[in-house]
Amino acid sequence: MVHWSGLAAIALALPLTTMALQPEQIPFSGRFHHKKDALDHANKLLRHHPVIDTHNDLPMHLAFVYNGKINDMNFTKFDWGHTDITRLRQGHVGGQIWSIYYDCEDTEANQLLKAMESIDVVKRMADLYPETFRIASNSKEFEHALRHGKVASAMGIEGGQMIDSSMVALRQFYDLGVRYMTLTHNCHTPWAEACCDANPPPFDKGLGLTDFGKEIVLEMNRLGMMVDISHVAHSTMHAVLNTTRAPVLFSHSSSNALCNIERNVPDSVLERLDETDGVVQVNFYNPFVQCDPDKQATLSDVADHIEHIASVAGYHRVGLGADYNGIETTPTGLEDVSKYPDLFAELIRRGWSDEHLIGLAGRNLLRVWREVEKVSEKIAKAKELPSEAKISDFK
């Protein structure tokens with residue numbers, strides 16, 4: 001999440017199909033020279049292999065702009081924001097991890113309570129529209145919902161401050177359905193260094209993770225919760241890769257090589273993803289995509305980030321985490337969640353194969369999620385007990 005915004009809704013699309021085809025079942029005819037041909041092919045592919053996006057801040061608006069009063073809201077079409085049922089269907093979004101966010105700079109707020117309020121609206125939204133949304137507690141349930149034409153839904157905590165340095169809170173959030181945690185937002189936690197905090201961390205700068213922070217990562221591995229290293233400092237990315245037993249997730253990040261800011265993923269980290277497996281879900285926020293403040297970010301710029309990450313880390317390590325509803329500006333051509341087919345059409349015109357496009361749409365993310373679960377199962381078989389570490393143990 002970065003900022004809030006509002007955009008108009010657009011027309012209803014065809015419902016998602018319930019059948020998934022293998023890549024070879026959708027013919028690929030090489031480079032498409034006509035925009036319509038490429039867009040037709042993108043829509044056909046995404047009807048069978050829907051988009052899974054790992055970061056959408058709609059819950060923030062529902063919980064805090066509308067104060068959780070959603071019972072009488074019409075989710076079919078909003079006249080604000082980037083997301084509603086109409087636009088999700090038009091964009092062939094079949095899977096969404098909803099962001100559980102609150103401003104880390106509001107140090108007076110009860111961050112645990114704020115997280116609970118966002119979790120509550122996600123679950124109530126799914127209850128209000130069971131024909132559209134289905135909450136999944138694991139990758140198998142998520143894929144089942146995808147196959148049956150639902151918007152498969154899970155949750156990710158955006159900012160480790162929400163657990164208040166508590167293993168107990170971390171485990172309880174997992175029990176409530178949280179399947180990833182971003183270790184920091186833009187503020188340092190007492191145990192992890194953030195990308196974008198003007199203040200020095202409460203430990204040696206450049207350390208990335210304290211010993212307690214490493215314990216948090218290991219406990220997430222034990223639980224089967226994906227370790228999200230968007231928003232963290234580059235030193236933290238490397239510290240996590242040195243610590244984790246499971247694949248890592250960047251839920252909404254772009255390429256540092258194309259936009260040289262700490263928030264984006266450097267090639268040195270991309271080159272290490274083979275060590276544990278991992279996936280970078282590309283962010284659409286203008287200042288992360290186009291660093292020149294005099295230029296408006298475009299769909300083509302986002303495609304450049306996707307292609308660069310694929311060129312360094314591999315096509316199997318890139319996905320989509322747009323940050324819709326959490327950003328106040330979007331690239332031209334990617335104004336809301338309905339626009340995913342246009343992005344896929346651009347990549348088709350650039351020569352991407354169906355195999356690689358299907359990975360980008362969601363197969364890469366599902367591979368990482370399944371492997372995180374397998375690591376958790378192995379740890380459980382080894383009878384490793386829950387961590388009883390307290391941050392006070394390390395002072």
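## Charged pairs, a buried aspartate and aromatic rings

Asp120 has a relative accessible area of 36% and is thus partly exposed. In this predicted model, the side chain of Asp120 meets that of Arg124 in a salt bridge, with 2.9 Å from N to O. Arg124 counts as partly exposed as well, at 23% relative accessibility. The two residues sit four apart in helix H4 (residues 111–128), and so about one helical turn separates Arg124 from Asp120.

### Salt bridges

Over the whole structure, a search finds 20 salt bridges, and three of the pairs are set out below.

| Pair | N to O distance | Placement |
|---|---|---|
| Arg124 and Asp120 | 2.9 Å | helix H4 (residues 111–128), four residues apart |
| Arg222 and Glu219 | 2.9 Å | helix H7 (residues 211–223), three residues apart |
| Arg350 and Asp304 | 2.8 Å | loop between helix H12 (340–349) and helix H13 (354–381), and helix H11 |

The side chains of Arg222 and Glu219 form a salt bridge within helix H7, where a spacing of three residues leaves them about one helical turn apart. Arg222 counts as buried because its relative accessibility is 15%, which falls under the 20% limit, and Glu219 is likewise buried, with a relative accessible area of 2%.

Arg350 and Asp304 form a salt bridge whose closest N and O atoms are 2.8 Å apart. Because Arg350 lies in the loop between helix H12 and helix H13 while Asp304 belongs to helix H11, this pair ties together parts that are 46 residues apart in sequence. Asp304 itself counts as partly exposed, at 32% relative accessibility. Both residues also belong to a network of salt bridges, in which Asp304, Glu307, Glu346, Arg349 and Arg350 are linked.

### The surroundings of Asp301

Helix H11, which spans residues 299–313, also holds Asp301. Which side chain of opposite charge is nearest to this buried residue? It is that of Arg350, at 7.1 Å, and Asp301 has no salt bridge although it is buried. A polar atom of the Asp301 side chain does, however, lie 3.0 Å from the backbone nitrogen of Thr298. When neighbours within four places in sequence are left aside, the residues in contact with Asp301 are Val289, Gln290 and Gln296.

### Aromatic rings

The search of the whole structure finds 13 aromatic pairs. One of them is formed by Tyr285 and Phe288, whose ring centres are 4.9 Å apart and whose planes stand at 90°, so the arrangement is edge-to-face. Both partners are covered: Tyr285 is buried, with a relative accessible area of 6%, and Phe288 is buried, with a relative accessible area of 11%. Elsewhere, ring pairs link Tyr66, Phe75, Phe78, Trp80 and Tyr129 into a cluster.

### Strands S1 and S2

Strand S1, made up of residues 51–56, is mostly covered, with six of its six residues buried. In what sense do S1 and strand S2 pair, and over how many bridges? They pair in the parallel sense over four bridges, strand S2 being residues 93–101. Within this pairing, Asn56 stands opposite Trp98 in S2.

Note on methods: Residues are numbered from 1 along each chain as its sequence is written. This is a predicted model: local features need pLDDT of at least 70, side-chain atom pairs count only at pLDDT 80 or more; totals for chains, interfaces and linings use all residues. Side-chain values use heavy atoms; hydrogens and water are left out. Buried means under 20% relative accessible area, exposed over 50%, partly exposed in between (1.4 Å probe, protein chains only). Lys and Arg count as positive and Asp and Glu as negative; His and the chain ends are not counted. A polar contact is a pair of N or O atoms within 3.5 Å; within protein, one must be able to donate a hydrogen and the other to accept it, and residues adjacent in sequence count only if both atoms are side-chain atoms. Contact means heavy atoms within 4.5 Å. Two strands pair if DSSP finds at least two bridges between them. Rings of Phe, Tyr and Trp (its six-membered ring) pair if their centres lie within 6.5 Å; planes under 30 degrees apart count as stacked, over 60 as edge-to-face and the rest as tilted.
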